Amino acid sequence: MTTEISISEVKKHKSKKSLWMIIHNDVYDVTKFLEEHPGGEDTLLENAGKDGTQPFEDVGHSEDARELLKKFKIGTLPAAEKRKDVPQNCNTLKWALLALAGAIIIGVVLKKTMG
Ligand code: HEM
């Protein structure tokens, strides 16, 4: 079972002593990560107690960073507070484009070999 944590609760944790952040509707406690973040303390503090999805995605964090994130997860937002308009990891789009490119190449090859 995942713990539900409301936005108002997350807002209380916005200092170096306790730093929570929402990313893709999940809540993370990144207090311990503050000093280790390759992107610096300030970027995390700016988004402390808030939804950091947009800045997190804008930077284009690696798969490693996303894996790391899992370690800090402490809960998820209640269904009523979840946002549906947040940008998702665009991996799906990448694969769709790759598949499309593959289909076009196969099409061209087929056309050449068949006549
Ligand atoms: C709270 C969860 C976060 C985690 C676990 C995290 C983790 C990481 C990691 C592992 C890197 C190294 C590069 C990579 O693997 O992509 C990185 C880089 C970076 N992060 Fe974050 N990050 C978080 C949030 C944020 C936020 C909210 C910002 C806001 C702008 C941010 C800004 C940056 C920047 C600017 C870099 C690039 C640093 C450089 O290469 O000079 N990060 N982060």
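**Around the iron site**

Reader: What is the relative accessible area of His 61?
Author: This is a predicted model, in which local features need pLDDT of at least 70 and side-chain atom pairs count only at pLDDT 80 or more, while totals for chains, interfaces and linings use all residues. Residues are numbered from 1 along each chain as its sequence is written, and side-chain values use heavy atoms, with hydrogens and water left out. Buried means under 20% relative accessible area, exposed over 50% and partly exposed in between, with a 1.4 Å probe and protein chains only. His 61 counts as partly exposed because its relative accessible area is 21%.

Reader: Which protein residues are donors to the iron atom of the ligand?
Author: Donors are N, O and S atoms within 2.8 Å of the metal (3.2 Å for Na, K and Ca); water is not among the atoms, so sites may look incomplete. The protein donors lie 1.9 to 2.0 Å from the iron, each through its NE2 atom. They are His 37 and His 61.

Reader: What is the geometry of the iron site?
Author: Six donors count as octahedral if opposite donors are over 155 degrees apart and all others between 65 and 115; four are tetrahedral if all angles lie between 85 and 135 degrees, or square planar by the octahedral angle limits, and anything else is irregular. Here there are 6 donor atoms, with angles of 86 to 179° among them. The site is octahedral.

Reader: How many residues apart are His 37 and His 61?
Author: Helices (H or I, at least four residues) and strands (E, at least two) are DSSP runs, numbered from the N terminus. His 37 sits in the loop between strand E2 (26-29) and helix H2 (41-46). His 61 sits in the loop between helix H3 (53-59) and helix H4 (63-72). The pair links distant parts of the chain, 24 residues apart.

Reader: Why does His 37 count as buried?
Author: His 37 is in contact (heavy atoms within 4.5 Å) with Thr 43, Leu 44 and His 61, leaving aside neighbours within four places in sequence. His 37 counts as buried because its relative accessibility is 14%.

Reader: What is the relative accessibility of Pro 38?
Author: Pro 38 is in the loop between E2 and H2. Its C-alpha atom is separated by 10.0 Å from that of Ala 65, 27 residues apart along the chain. Pro 38 counts as exposed, at 78%.

Reader: How many residues surround the ligand?
Author: A residue is near a molecule if one of its heavy atoms lies within 4 Å of it. The closest are His 37, Pro 38, His 61, Ser 62 and Leu 69. A polar side-chain atom of Ser 62 lies 2.5 Å from an oxygen atom of the ligand. The residues that surround the ligand number 17.

Reader: Which elements give two or more residues to the largest nonpolar core?
Author: A nonpolar core is a set of buried Ala, Val, Leu, Ile, Met, Phe, Trp, Tyr and Cys residues joined through side-chain atoms within 4.5 Å. The largest has 12 residues, including Leu 19, Ile 23, Phe 56 and Leu 69. The elements giving two or more are strand E1 (20-23) and H4.

Reader: What is the relative accessible area of Asn 25?
Author: Asn 25 lies in the loop between E1 and E2. Phi of Asn 25 is near 70°, a positive value in a residue other than glycine. Most residues other than glycine have a negative phi. Asn 25 is buried, with a relative accessible area of 10%.

Technical notes. Polar contact = N/O pair within 3.5 Å; in protein donor to acceptor, adjacent residues only side chain to side chain.
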